[in-house]
Amino acid sequence: MDRVLKDDAVEEKGERARMASFIGAMAIADLVKTTLGPKGMDKILQSTGRGRNVTVTNDGATILKSLHIDNPAAKVLVDISKVQDDEVGDGTTSVVVLAGELLREAEKLVNMKIHPMTIIAGYRMAVECARNALLQRTMDNKENTDKFRSDLMNIAMTTLSSKILSQDKEYFAELAVDAVLRLKGSTNLEAIQILKKPGGSLKDSFLDEGFILDKKIGIGQPKRIENAKILVANTAMDTDKVKIYGARVRVDSMAKVAEIEAAEKQKMREKVQKIIGHGINCFVNRQLIYNFPEELFADAGILAIEHADFEGIERLALVTGGDIASTFDNPESVKLGHCKVIEEIMIGEDKLIHFSGVEMGQACTIVLRGASEHVLDEAERSLHDALCVLSQTVNDTRVVFGGGWPEMVMAKEVDELARKTPGKKSHAIDAFSRALQAIPTIIADNAGLDSAELISQLRAEHHKENSTAGIDVITGSVGDMQKRGISESFKVKQAILLSATEAAEMILRVDEIITCAPRRREDRM
């Protein structure tokens, strides 16, 4: 029989293919499992590239993004963690762990000769039931602003408690909630700028309205401008030199050289006149501004800021309501940015420029201080997670308790469904409930507690009506989540549940893996 595939192509069928995909997915889940929960550990990621960058993090998505993975099923889990990060910002570890647990349970069922399609059908029923169970127990305080704010605070503290900021979580939760409430319901986090400045401790971080640009004000220029009209530009302000490499200019006397220089100066002067003609008092350029044009701007009383980094300049244009211009021939078509005051401020040892009273009223800057770059990077990731979750919660105001409470609520309902369901599907539904209970188990294990004891206590508590019991990691026992103020956003939980189930389902459907033959280098002899 002729081969269909090329010589070096590999195909794995049936059992072997399924084993390969299960093992890959479970290995990924086990990798990030230890970072789950308030007592989760961090990972050090070291790149093999130049500079050997080191990242210290316990953010699931960041860890998985940095891995180079060969196993196709593992890639599916990496993708769901990325999507979770983009969609809702938090729960990146939970979603991978839940998918891994669902597959671990599915593997046992496949070994019991239950067909994957039956398992998938059972999982489908279970996920519907779990979602409805959670929906019935959500709380919604959007009518009552004080209560809603305390909900947001609780969510922010719960999100931060598993991160590096857990020591000062009240402080940072306050910062995050203030920043998100300024957005007035928009989920565009562009308006919140996070500025990292090494030095000081994390407690020295603060929230400032307006926008801070990490630049110094030029020499001999006004240090403070009120009612600023800002022109944001990306243009070369050093064209007053003949810079075309390989250009040769032959002159027969020194006077001619002087003429060329005068002509160059004149060209620059005209460009500056055009810019001043916009009626501005602040000019921000992404590229360099040489001494001569800077001098001209200073004479005209215009504040010129050079070399603003691109992210900074894009955000500046966004928050001041201007456009980034690169030609200056028709001033009427360029949108200028506006703000009330521009002044120089000091943070630590550095001078920065502060734009306050910007057009986009909700814009603000969170300045993070910390011991080192690594601490600041991780603090930024943690804060970003909190901001994402909060901005989603402001739109979808439903809140559930945390600490393993939602999983237990869902597991209880799914268990009851399994009892009512006839046939082999009930095994799959039962397995789904066990996978859900794995999350509180792992939270307890990571905190060094006796998970078997705690989970059985939790299950007993949840058989009472409307129980609010969850794992209290601090005292190491079953605690009341309502009193402890441990809350999570319903949207995050729902996203975890649905993504994990869909990913597990996709991997379960696999029964053959075909690996293409590697491309050979042709012999050119």
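**Figure 1. Pairing of β6 with β14 in the predicted model.** In this predicted model, strand β14, which covers residues 364-370, runs antiparallel to β6, and four bridges join the two. Within this pairing, Phe-206 is placed opposite Val-367 of β14. Strands of a sheet pair through backbone hydrogen bonds, and they may do so in either the parallel or the antiparallel sense.

**Figure 2. The three-stranded sheet and the helices that lie on it.** The sheet is open and consists of three strands in the order β5-β14-β6, with mixed pairing. Its edges are formed by β5 and β6 (206-209), each of which pairs on one side only, and from one strand to the next the twist averages 25 degrees. Helix α7 packs on this sheet, where it touches β5, β6 and β14, and the direction of α7 makes about 20 degrees with that of β6. Helix α11 lies across β5 and β14, and α11 runs at about 160 degrees to β5.

**Figure 3. The hairpin formed by β16 and β17.** Strand β17 (residues 477-480) pairs with β16 in the antiparallel sense, over four bridges. One of the paired positions is Ala-469, whose bridge partner in β17 is Asp-480. The two strands form a hairpin with four residues between them, and in the turn Gly-476 has a positive phi of about 75 degrees.

**Figure 4. Domains 1 and 2 and their contact.** The domain assignment divides the chain into domain 1 (10-140 + 400-515), domain 2 (142-201 + 372-396) and domain 3 (211-360). Between the C-alpha centres of domain 1 and domain 2 the distance is 25 Å, and the contact takes 23 residues from domain 1 and 17 residues from domain 2.

**Figure 5. The largest pocket, with a lining drawn from domains 1 and 2.** The volume of the largest pocket is about 800 Å³, and 42 residues line this pocket, with Gly-37, Pro-38, Thr-158, Ser-161 and Ser-162 lying nearest its centre. At least three lining residues come from each of domain 1 (10-140 + 400-515) and domain 2 (142-201 + 372-396). The elements that each supply at least two residues of the lining include the helices α4 (92-111), α6 (145-160), α7 (169-182), α13 (425-446) and α16 (490-508), together with the strands β16 (469-472) and β18 (487-489). Of these, α6 gives the largest share, five residues. When the lining of the largest pocket is sorted by class, 13 residues are nonpolar, 18 are polar and eleven are charged. Two of the elements shown in earlier views return here, since α7, which packs on the sheet, and β16, which forms the hairpin with β17, both contribute to this lining.

**Figure 6. The second largest pocket, with a lining drawn from domains 2 and 3.** This second largest pocket has a volume of about 410 Å³, and among its 18 lining residues Gln-193, Ile-194, Glu-311, Arg-315 and Glu-380 lie nearest its centre. Two or more lining residues are given by each of β5 (192-198), β7 (211-213), α10 (310-320) and α11 (373-395), and the largest share, five residues, comes from β5, which is also an edge strand of the sheet. The lining of the second largest pocket draws at least three residues from each of domain 2 (142-201 + 372-396) and domain 3 (211-360), and by class this lining comprises eight nonpolar, three polar and seven charged residues.

Definitions and conventions: Residues are numbered from 1 along each chain as its sequence is written. This is a predicted model: local features need pLDDT of at least 70, side-chain atom pairs count only at pLDDT 80 or more; totals for chains, interfaces and linings use all residues. Side-chain values use heavy atoms; hydrogens and water are left out. On a 1 Å grid over the protein atoms alone, a cavity is a set of points where a 1.4 Å probe fits but cannot get out, and a pocket is an open set with protein on both sides within 12 Å along at least five of seven lines; lining residues have an atom within 4 Å of a point. Grid points are joined across faces, edges and corners, and a volume is the space filled by probe spheres set on the points. Ala, Val, Leu, Ile, Met, Phe, Trp, Tyr, Cys and Pro count as nonpolar, Asp, Glu, Lys and Arg as charged, and the others, Gly among them, as polar. Domain bounds come from an automatic or database domain assignment. Two strands pair if DSSP finds at least two bridges between them. Axes are lines fitted to C-alpha atoms, for helices over the stretch in contact, and angles run from 0 to 180 degrees between N-to-C directions. Contact means heavy atoms within 4.5 Å.
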